[in-house]
Amino acid sequence: MRKRHLRIGVLLGGLVCPPQSLAGQHERPFDDCRWGADRTVVIGAVDDQQYGLTAIGQVASLSDLVYVTQPQERLIRVYHDDGRFAGTIGGNGDGPGEFRAIRAIGVLADSIWVVDSRLGRVSYFNSDLHFTSSVTIHSHPSTASRTIIPMGPLSDGSIIGYPTLYAEELEDRDTILTALLRFDRLGQFVDTLVVYEDQHNQRLITDGLAPGLQTYARPPIREQSLRTIVPGGAGLVIVHRPFSSNPAAARYEVVRIGSLGDTLFARQFSYVPRPVTDTHITAWIEEEDFDDQPYVVDHRAYIGELRRVYEIPPHFAPVTQVLGDTNGRTWIRRGARDGMIEWHALDDDGQVVDRICPPPALRLLSIDTQGGWFAETDQFDIPYLVRYEF
């Protein structure tokens, strides 16, 4: 029987069986957090149809091409790895090769795949930038006919997705069961790959609103588990990062799951929490744009409700991003502390084998054994895609 990692239990014939406990692990210390990278390629320009990037979403590389998602434009710009423009993929629409909401991008064999969360489908493109096929994910009775959001395909062509949740289901609940489902090449349900307990600190707000109205709010610090498809479709990685009321026991957990649903490793790491203070909460509230919220009739009462919700997380998330590289390693972005960003690389056993500390202004999008592609903005908030060689 396949092993399926769960935080609270494995579902077998409707029964919940408790999992084996996992001992906390400490990361191997490093004397230095290396950087010393060389800036080798810069992609981006102002008022240039080919090189003028809008908000950069994600990046994937195949052969000598770099694919850059542009969610605002609902297309993908493609460049040679030396920065030369190669073309575009997609555009706004529902037709073959078009997008409504680009959610993720990756590589499978000699194809690029792109997830459209609004259309619920995965589209495939060849190295000539031509659309080849797509798979639309279909609901299943076990999901109560909910919309399924694809994560991406595995190496065998099956697709992992998860059902959407309704706002009222999350109301005043700190945790909820989350299922990752497997679908075949035709988008039909096959089985449930993983079920785990996740954090969902959403609260109902009525105070300060017009009579009869209500809304939902969540803390700016997101607490849900992070998850990503491993490059090449070899499986997926889940990072559980629950808030801890006891700093001495603060841990996050990284789980690597194979394409057959087997747990390859599940390792816990200690960390020092960075507390959320009243100063942070006040700053978040001051960022609220009440002009775009005409349903708020009593700002004082509404702000009080926001403060109640924003006080839920006791500290910032210990991990803020997860990536995989072409060498099979899992990269974990540790939460910023003392002005420094750390990326830790885990090997096939979940051991920390490398660490880099790029400048905080750089957002890592894709990494390999020689370097990585980063997003950065200039003083005028113009986005650029930049290659750094380590």
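This passage walks through a predicted model, from the whole chain down to a helix, a hairpin and a loop residue.

Starting with the chain as a whole, its fold is made up of 29 strands and three helices. The radius of gyration comes out at 22 Å, close to the 21 Å that the globule rule gives for 390 residues, so the chain is as compact as a globular protein of that length. Laid along its principal axes, the C-alpha trace covers about 55 × 55 × 50 Å. Burial splits the chain neatly: 50% of the 390 residues count as buried. As for how the contacts are spread along the sequence, take those between residues at least 6 apart; 49% of them join residues at least 24 apart.

Next comes helix H3, which takes in residues 299-310. With 12 residues at 1.5 Å each, H3 should span 16 Å, and its end C-alpha atoms do sit 16 Å apart, so expectation and model agree. Just at the start of the helix, Asp298 gets involved: one of its side-chain oxygens comes to within 3.2 Å of the backbone nitrogen of Arg300. The buried residues of H3 are Tyr302, Glu305, Leu306, Val309 and Tyr310. Looking down the helix axis, these buried residues fall within an arc of 135°, so they line one face of H3. Among the elements covering them are strand E17 (203-205), strand E18 (215-217) and helix H2 (278-286).

On the strand side, E9 (residues 102-108) makes a good example. Five of its seven residues are buried, so E9 is largely enclosed by the rest of the structure. Its partner is strand E10 (residues 111-116), and the two run antiparallel, paired over six bridges. One of the residues involved is Ile102, whose bridge partner in E10 is Asp116. Together E9 and E10 make a hairpin, with two residues between the strands. Ala109 belongs to that turn and has a positive phi of about 55°.

Back towards the helices, the loop between H2 and H3 contains Asp292. Buried or exposed, where does Asp292 fall? The residue is exposed, with a relative accessible area of 59%, whereas the five H3 residues listed above, Tyr302 and Leu306 among them, are buried. Asp292 can also be placed relative to Pro150: the two are 142 residues apart in sequence, and their C-alpha atoms lie 31 Å apart in space.

Conventions. Residues are numbered from 1 along each chain as its sequence is written. This is a predicted model: local features need pLDDT of at least 70, side-chain atom pairs count only at pLDDT 80 or more; totals for chains, interfaces and linings use all residues. Side-chain values use heavy atoms; hydrogens and water are left out. Helices (H or I, at least four residues) and strands (E, at least two) are DSSP runs, numbered from the N terminus. The expected span of a helix is 1.5 Å times one less than its number of residues. Buried means under 20% relative accessible area, exposed over 50%, partly exposed in between (1.4 Å probe, protein chains only). The arc is that of the directions from the helix axis to the C-beta atoms. Contact means heavy atoms within 4.5 Å. A polar contact is a pair of N or O atoms within 3.5 Å; within protein, one must be able to donate a hydrogen and the other to accept it, and residues adjacent in sequence count only if both atoms are side-chain atoms. Two strands pair if DSSP finds at least two bridges between them. The radius of gyration is taken over C-alpha atoms; the globule rule is 2.2 Å times the number of residues to the power 0.38.
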